[in-house]
Amino acid sequence: MNDTVTNFAINFIAFFGALFFLIVVGGAIAAAVIYQIDKHQTKQAIRRNYPLVGRFRYIFEHLGEFFRQYFFAMDREEMPFNRAQRSWVYRAAKNVDNMIAFGSSRDLRVPGTYLFLSCPFPTLKEDASATQPLRIGPFCREPYDAPSFFNISGMSFGALSKPAVLALANGAREAGCWMNTGEGGVSPYHLEGGCDIVYQIGTAKYGVRNDEGGLDEDKLLEKAALPQVKMFEIKLSQGAKPGKGGILPGEKVSEEIAAIRGIPVGTASMSPNRHPDIANIDDLLDMVGRVREISGKPCGFKLVLGSADWLDEFCEAIKSRGIESAPDFITLDSADGGTGAAPMPLMDSVGLPLRESLPILVNKLVEYELRERIRIVASGKLINPTDVAGAICMGADFVVSARGFMFALGCIQALQCNKNTCPTGITTHDPDLQRGLVPEDKAERVKNYHEHLVREVEMIAHSCGVSEPRQLKRKHAAIVVEGSRSVPLNILYPEY
């Protein structure tokens, strides 16, 4: 018996000793090969000067963004969204208590910080009123009474995965808000969810395009006949890339997506940087009127405001044509980036942030007595109650969010939206990665996030002494400026 145990032990040690030797030798050979490759390649100076060891520099560079997020960055430091912002969305989506204790971790001295001006006699719960539906498109055959002031911004099927679209559509139905299709057109998964839909017409006119890339009126009429489609939005530009069209990498253009968009399979979807048939203000108003007449439903447009010189001409053109010719809404996006893939110079440096552009647009519409005719939809990094309430104070009728709802789905800000490798299954068409996103569960989180945000915006409104959010005005909030002092919005941005 002892001999058997001894022999087994000897054989065991010999086997693993040999295995260890092979691993060491194999590793040494691999290291020697990599050393020679690095030493003689000419593409990277670090690897050429420091063979093998230099590779760790690129590994650490790649891992740095993940280590910063989880180990090194403070709660309020990260961009584009810090941990505190994301955590609020995660807790709201999971229906977890969002109460905090021992004071705010937010630095109230940072320029750009919103401070709402509470009144000594806040609105009692029994005196508060629920936000009422607001009509868009009073001159349409089928105007839309939008039930919620907070809605889902444009994200295309293609940029988003099938389970992500299903989760958002079902969650929007349960929450009672609309969902924008993004420029990729309406998919079966938008319709399956049963929510109200805003059909976005991008510069490539996916889903409603003819062979030459123009507007196909028959296809438009077909989309307008869908009872779930409530409005049409003509996209002039978006926050991620003002002045450049949508970009969908070829690896994301599956047979299904290609069929919906009317483009070749596996070919990168590169939309024009503007609508070829909209070259001036008259063309824009003509297109709005054309879509509205064919569909019978409200039509507006989306843009990032940069130069504001054209707004006078725009308003004067509407006044000369008649007030019914005005767009039914304008979606104003911010130059703070967005979910779409984009070149860094456009993402970082083109267009105005929403906090500057929104009061400019609102004041101009008030000046020309068009404010009640044209609804304003604000978009751009508005994922928390503070920023949503701030946009409403500035003059927005509605707020839409894309990345807020992505966080509700479980987005971890891996910054891989433009690739097919999203680890949470939200922006990938890899079936193995999509498996982690269960639409039934995530739809509930979408609804929870919407409900918590609306409730907390209402709470801010009540603290300011008004009965519901749309009664918030610029006088109800201040913003911190240089020198760490705050200035009321109605002084910083005087109303016309």
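This note goes through a few features of a predicted model, moving from a strand and its partners to two of the helices.

1. Strand 7, which covers residues 229-235, has six of its seven residues buried, so this strand is largely enclosed by the rest of the structure. A reader new to the model may find strand 7 a useful place to begin, since the next two points also concern its surroundings.

2. Strand 7 pairs in the parallel sense with strand 6 (residues 196-201) over five bridges, and in the parallel sense with strand 10 (residues 299-304) over four bridges. Glu 233 can be followed through both pairings, being the bridge partner of Gln 200 and standing opposite Gly 300 in strand 10.

3. The connection between strand 6 and strand 7 involves helix 7 (residues 217-224), and these three elements together make a right-handed β-α-β unit.

4. Helix 13, made of residues 385-394, is likewise largely enclosed by the rest of the structure, because nine of its 10 residues are buried. Among these buried residues are Pro 385, Asp 387, Val 388, Ile 392, Cys 393 and Met 394. The helix is followed by Gly 395, whose phi is positive, near 130°.

5. At the surface, Phe 21, Leu 22, Val 25, Ile 29, Val 33 and Ile 37 make a nonpolar patch of about 570 Å². Val 25, one of the residues in this patch, lies in helix 1 (residues 2-40) and is partly exposed, with a relative accessible area of 31%. As general background to the spacing of such residues, an α-helix has 3.6 residues a turn, so residues three or four places apart point the same way.

How values were computed: Residues are numbered from 1 along each chain as its sequence is written. This is a predicted model: local features need pLDDT of at least 70, side-chain atom pairs count only at pLDDT 80 or more; totals for chains, interfaces and linings use all residues. Side-chain values use heavy atoms; hydrogens and water are left out. Buried means under 20% relative accessible area, exposed over 50%, partly exposed in between (1.4 Å probe, protein chains only). Patches are made of residues with over 30% relative accessible area and no salt bridge: like charges are joined within 9 Å, nonpolar side chains (Val, Leu, Ile, Met, Phe, Trp, Tyr) within 5 Å. Accessible areas come from the Shrake-Rupley method with a 1.4 Å probe; for residues, only the protein chains shown count as cover. A salt bridge is a side-chain nitrogen of Lys or Arg within 4 Å of a carboxyl oxygen of Asp or Glu. Two strands pair if DSSP finds at least two bridges between them. A crossover is right-handed if, with the strands pointing away from the viewer, the path from the first strand over the helix to the second runs clockwise.
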